[in-house]
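Colleague: Hi! I'd like to go through this model with you. Could you put it up for us?

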Amino acid sequence: MGLNKKDVLKLAGLAHLSLTESEAEEFAKDLDKMVSFAEELQGLDTSSIDLEDRDTNVYNVLRKDEVKPSMAKEELLANAPEQKEGCFFVPQIVE
Amino acid sequence: MHLFTKTADELATMLRNKEVTSVELIEAYFERIEAVDDKVKAYISLDKEGALEKAEEIDAKLEKGEELSRLAGIPIGIKDNICTKGLKTTCASRMLEDFIPPYSATVVEKLEDAGAIIIGKLNMDEFAMGGSTENSYFFPSHNPWDLERGPGGSSGGSAAAVAAGESVFSIGTDTGGSIRQPASSCNLVGLKPSKGLVSNYGVVSYASSFDQTSPITKDVKDMALVLNAITGHDPKDSTSINMEYPDYTKALTEDVKGLRIALPKEYFGEGFNQEVKEAVLASTKKLEDMGAVVEEISMPLIKHSLPAYYIIACAEASSNLARLDGVAYGHRAKDYTDVESLYSNSRGEGFGAEVKRRIILGTFVLSAANYDSYYKKALETAKLIKEEHNKVLEDYDVIIAPTMPTTALKIGQKQEDPVKDYLNDICTINANIAGVPAMSLPCGFDKDGLPIGMQLIAGEFKEETILRVAYTLEQATDFKDQRPKL
């Protein structure tokens, strides 16, 4: 496949994942091996398979929309790295 | 009398005969943990105070003669990717190092309703990615049978704790063998139930199509008791199966007459350790001697399962782990300038190497240019593999295979090449792809005294068949009674 450091950094960017230079280099080698390994499937004939044709025991799971007690705000905020005035706090997103 | 070598069923009888109280049991297990966990490193966190409080409640109920579950008063550990309200749940990751869940997983609630007492949270590979616990952010766990070796993974802490007598049984998760591999490495029984039999609500997702909450026990009877407690429909998990659930202890009968066993030759070929193959075949021969019919078959698609599994698992992981962004919970980097760098830096610092590797591969196979040739192809392959399994399991009651190609590896012996590491999963991933139940059962020891496990794989919701075959085999051997000298 020939995946290089630049490809890895682009993928990491898409996944919002900062990498160090040495990580990017190491992963480029690993990913290249992993992708070559995955390419083995290309030789397999899967033309008989229709992914739209679902198993018969797969069905939609529906429930009534009922009002039930929910978790307290304090409980939900308890693990927040930063909070302000009862909200999760993040850097400004909209100018 | 060593309390720490006993099964849940034996301890349940002792509790009822007043030979021991639940409080004494908890004390004894914490003494054991103090004595051996420095060497085994099974636990990430412990909760002695909470455990003793619950044990007092159980003792009071027992004193009053209340009828309780066989699991009541029994000390257990839970894998650290399963949420326990008020008790830290880290996924062995820096990302969730300080995360205290505001609710408990359904499996935890069910065990607590049965009276089982959670004494701590068990080590694992970070976010269940790995097969040795060496990917834990905190420390690797050690195999009680040989401390220089790993206990397998990713539920390595769950197996090491039970084998070392630090937990009577334990709960972990199995996405590609993460219960069965460590059970095999530590001479224990590990069952991955059919997809949807045990609720995954409150269990941190890795690859949702394959993830299955699963138990590890010392013997088959305990497995049936635990299944009775944790199976059932859960409205909070839309993949949970709504059906009539059996009493699994009723399957504990010695009867394999006419049982049809398939031995796929792909599981006994090159790359498989000779002693492992011999031990699995010797146990299969025992079943044959007791009246089962054994036939060698071929499942040619097995050789394609690894790439299909890793493509799908990594794709799902990259999506599932997107929720960890340093906003609502989890690690937040100190250094950032805007919300984008807050995400990237928090994730870059919070995740370890294997998790990053899998997120990147997942992002690769899901990107527009590669979607059809990798992801879609893998889904089609998985469906073919599922069809092949269903067909074999229509003709046969069980498939027998080794659990792992080798016995437990030395810590640090992991391959340089991640692909070679993935080859260790070759025997176990197919049951996850097919969604069928599979158990690892002790079946011998190699020349170094390391445990060997065999797999019993049956059709969807045929857990009772597996329990019956395993129980029959267990009664004919003494592997389950062997304990490591620690």
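Modeller: Sure, and one term before we start: a residue is buried if 20 or more other C-beta atoms lie within 10 Å of its own, with C-beta atoms placed from the backbone. Keep in mind that this is a predicted model.

Colleague: Thanks. How many residues of helix H7 of chain B are buried, then?

Modeller: 10 of the 11 residues in H7(B), which spans 220-230, are buried, so the helix is mostly covered. Among them are Val220(B), Lys221(B), Asp222(B) and Ile230(B).

Colleague: What covers the buried residues of H7(B)?

Modeller: The cover includes three helices of chain B, namely H1 (8-16), H4 (106-113) and H15 (463-475), along with strands E5 and E6. Just after H7(B) comes Gly232(B), with a positive phi near 135 degrees.

Colleague: Let's zoom out. How many helices and strands does chain B have?

Modeller: Chain B has 15 helices and 11 strands. Its radius of gyration is 21 Å, close to the 23 Å from the globule rule for 486 residues, so chain B is as compact as a globular protein of that length. Its C-alpha atoms fill a box of roughly 65 × 55 × 45 Å along the principal axes, and 61% of its residues count as buried.

Colleague: And the strands, in what order do they sit in the sheet?

Modeller: The order is E1-E3-E2-E4-E6-E5-E10-E11-E9-E7-E8, in an open sheet with mixed pairing. At the edges are E1 (43-46) and E8 (293-297) of chain B, each paired on one side only. From one strand to the next, the twist averages 30 degrees.

Colleague: Does anything pack on that sheet? I mean, which strands does helix H3 of chain B touch?

Modeller: H3(B), residues 48-63, packs on the sheet and touches E1, E2 (75-79) and E3 (117-122) of chain B. The direction of H3(B) makes about 160 degrees with that of E3(B).

Colleague: Nice. Parallel or antiparallel: how do E5 and E10 of chain B run?

Modeller: Antiparallel, with three bridges joining E5 (189-192) to E10 (438-445) in chain B. Gly190(B) stands opposite Ser440(B) there.

Colleague: And what about E7 and E8 of chain B, parallel or antiparallel?

Modeller: Those two run parallel, joined by five bridges. Ile261(B) has Val294(B) in E8(B) as its bridge partner. Together with helix H8 (274-289), E7(B) and E8(B) make a right-handed β-α-β unit.

Colleague: Switching topic: where does Ser209 of chain B lie?

Modeller: Ser209(B) is in the loop between E5 and E6 (212-217) of chain B. It has 17 C-beta neighbours inside 10 Å, so Ser209(B) counts as partly exposed.

Colleague: Which residues does Ser209(B) touch, leaving out those up to four places away in sequence?

Modeller: Ile312(B) and Glu316(B). Ser209(B) and Ile312(B) are 103 residues apart in sequence, yet 8.4 Å apart in space from C-alpha to C-alpha.

Colleague: Last one, the interface. How many residues of chain A are in contact with chain B?

Modeller: 39 residues of chain A are in contact with 44 of chain B. On chain A, helices H1 (5-14), H2 (21-38) and H3 (73-77) are the elements that give two or more residues to that side. H2(A) gives the largest share, nine residues.

Colleague: What's the make-up of that side of chain A by class?

Modeller: The side of chain A that touches chain B has 27 nonpolar, five polar and seven charged residues.

How values were computed: Residues are numbered from 1 along each chain as its sequence is written. Chains are lettered from A and ligands numbered from 1 in the order in which they are written. This is a predicted model: local features need pLDDT of at least 70, side-chain atom pairs count only at pLDDT 80 or more; totals for chains, interfaces and linings use all residues. Two strands pair if DSSP finds at least two bridges between them. Helices (H or I, at least four residues) and strands (E, at least two) are DSSP runs, numbered from the N terminus. Axes are lines fitted to C-alpha atoms, for helices over the stretch in contact, and angles run from 0 to 180 degrees between N-to-C directions. Two residues are in contact if their C-beta atoms, placed from the backbone, lie within 7 Å. A crossover is right-handed if, with the strands pointing away from the viewer, the path from the first strand over the helix to the second runs clockwise. A residue is buried if 20 or more other C-beta atoms lie within 10 Å of its own, exposed if 12 or fewer, and partly exposed in between; C-beta atoms are placed from the backbone. The radius of gyration is taken over C-alpha atoms; the globule rule is 2.2 Å times the number of residues to the power 0.38. Ala, Val, Leu, Ile, Met, Phe, Trp, Tyr, Cys and Pro count as nonpolar, Asp, Glu, Lys and Arg as charged, and the others, Gly among them, as polar.
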